[in-house]
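Q: I am new to this structure and would like to learn how to read its features one at a time. Could you take me through them slowly?

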Amino acid sequence: MGFPHVSDEALPPHPSPGRSAGPTLLVLDADPPPRLESLAGRARVLHADASSLASLLPEADVLLVWDFLSDAVREAWPGPGPRPDWVHTASAGADRLICPELVASDTVVTNARGVFDQPIAEYVAALVLAFAKDLPRTLELGAAREWRHRETRRVAGTRACVVGSGPIGRAISRVLTALGVHVSVVGRTARNGIHGQEELDALLAASDWVVCAAPLTEETRGLFDAGRFARMRESAYFVNIGRGAHVVEADLAGALAAGRIAGAALDVFATEPLPASSPLWAAPGLVVSPHMSGDTVGWRDDLGEQFLELYALWEAGRPLRNVVDKERGYVPGH
């Protein structure tokens, strides 16, 4: 769940021999496409969708996964022919890319680490404040033109457990701490200021707010199940901005229906978009948002600028930042 002390930089490979003179950049597109005008004359840019990606992969020195919600890379990668030397995903997570063949290859994988940290932290803080101040109920009563005075909770002095010690988890910790919340961060292993995963259950029992910000790995898949929700306080709230697969959704719905926890907010789901038939829509005390916690105005421009900065490093033969440990599935931390 956390990040050991190793470098997140790697020397980029040179373009593979036998390909066209000058590097070829292949973009797995999403709408709107990235702004790559500054690469004119520096790279041959090709565009692909899920159906054409496999046929174009052998031509690419670099693959930009702009459609980071697609599973197309994982599906196309095992095919024949050479593969790009470098893959960049415009996402904080690389779980939708990773497959055994990619892990075994010499391809360097980078991600969008750093772009989403503060926006997601602000979103989590907004949810904590909304729950503490009963804002969802205030909006409901206002829509019904009903005047009903209530008392709400103070946030300062409460306790939070943030699961995931990467940059997003640490940003959440900083913002909640600024609100007066006592925050414990849980990582894969214990180290200075970080609790080990063996302490998670005890921290759940002592927390008013539980936030999942972990990378999706085999260790964290299904991390929050009926047993974990049973360990939380009945007055506690759960927030997931990590990945949908971190949560056993039926168990969360059951915990909410039974009043075992006070409420929850999910920004990520096992299936996205969340089907209209999902029982989560009707789960009591659940706030559903459509995978938007990190998407502030101009976020696509930020992602594009980050890629261009990395491309300039790759072009110059300098070390790349945000290099994913393909075995673990995330960028090791500092």
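Q: What volume does the second largest pocket have?

A: This is a predicted model, in which local features need pLDDT of at least 70, side-chain atom pairs count only at pLDDT 80 or more, and totals for chains, interfaces and linings use all residues. Residues are numbered from 1 along each chain as its sequence is written, and side-chain values use heavy atoms, with hydrogens and water left out. A pocket is sought on a 1 Å grid over the protein atoms alone, as an open set of points where a 1.4 Å probe fits, with protein on both sides within 12 Å along at least five of seven lines. Grid points are joined across faces, edges and corners, and the volume is the space filled by probe spheres set on the points. By that reckoning, the second largest pocket has a volume of about 210 Å³.

Q: Which residues of its lining lie nearest the centre of the second largest pocket, and which elements give two or more residues to that lining?

A: Lining residues are those with an atom within 4 Å of a point. The second largest pocket has 15 of them, and Phe131, Pro136, Gly285, Leu286 and Val287 lie nearest its centre. The elements that give two or more residues are helix H4 (117–132), helix H5 (135–143) and strand E11 (286–288), where helices (H or I, at least four residues) and strands (E, at least two) are DSSP runs numbered from the N terminus. The largest share, 3 residues, comes from H5.

Q: How do the residues of this lining divide into nonpolar, polar and charged?

A: Ala, Val, Leu, Ile, Met, Phe, Trp, Tyr, Cys and Pro count as nonpolar, Asp, Glu, Lys and Arg as charged, and the others, Gly among them, as polar. In the lining of the second largest pocket, 10 are nonpolar, 2 polar and 3 charged.

Q: In what order do the strands of the open sheet of 6 strands stand?

A: Strands of a sheet pair through backbone hydrogen bonds, either parallel or antiparallel. Two strands count as paired if DSSP finds at least two bridges between them. Here the order is E7-E6-E8-E9-E10-E11, with parallel pairing. Strand E7 (182–186) and E11 stand at the edges with a single partner strand each, so one side of each has no neighbour in the sheet. Within this sheet, strand E6 (residues 159–163) and strand E8 (residues 209–212) run parallel and are joined by 4 bridges, and Ala160 stands opposite Trp209 in E8.

Q: Which strands does H4 lie across?

A: Such packing is read from contacts, meaning heavy atoms within 4.5 Å, and from axes, which are lines fitted to C-alpha atoms (for helices over the stretch in contact), with angles from 0 to 180 degrees between N-to-C directions. H4 lies across E8, strand E9 (237–240), strand E10 (263–266) and E11, and runs at about 155° to E8. Helix H9 (residues 249–257) also packs on the sheet, where it touches E9, E10 and E11 and makes about 150° with the direction of E10.

Q: Where is Val287 found, and which residues does Val287 touch, not counting those up to four places away in sequence?

A: Val287 is found in strand E11, and, with those sequence neighbours left aside, Val287 touches Leu127, Phe131, Ala264, Ala265 and Leu266. Its relative accessible area is 27%, so Val287 is partly exposed; buried means under 20%, exposed over 50%, and partly exposed in between (1.4 Å probe, protein chains only).

Q: Which way do the residues of E4 point?

A: In a regular strand the side chains alternate between the two faces of the sheet. From E4, Trp86 and His88 point one way and Val87 and Thr89 the other way, and all are buried. Thr89, for instance, has 1% relative accessibility. E4 is joined in parallel to strand E3 (residues 62–65) by 4 bridges and pairs in the parallel sense with strand E5 (residues 108–110) over 3 bridges.

Q: Where do cis peptide bonds occur before Pro32 and Pro273?

A: One runs from Asp31 to Pro32, with omega near 0°, and Pro32 lies in the loop between strand E1 (24–28) and strand E2 (44–48). Another joins Glu272 and Pro273, with omega about -5°, and Pro273 is placed in the loop between E10 and E11.
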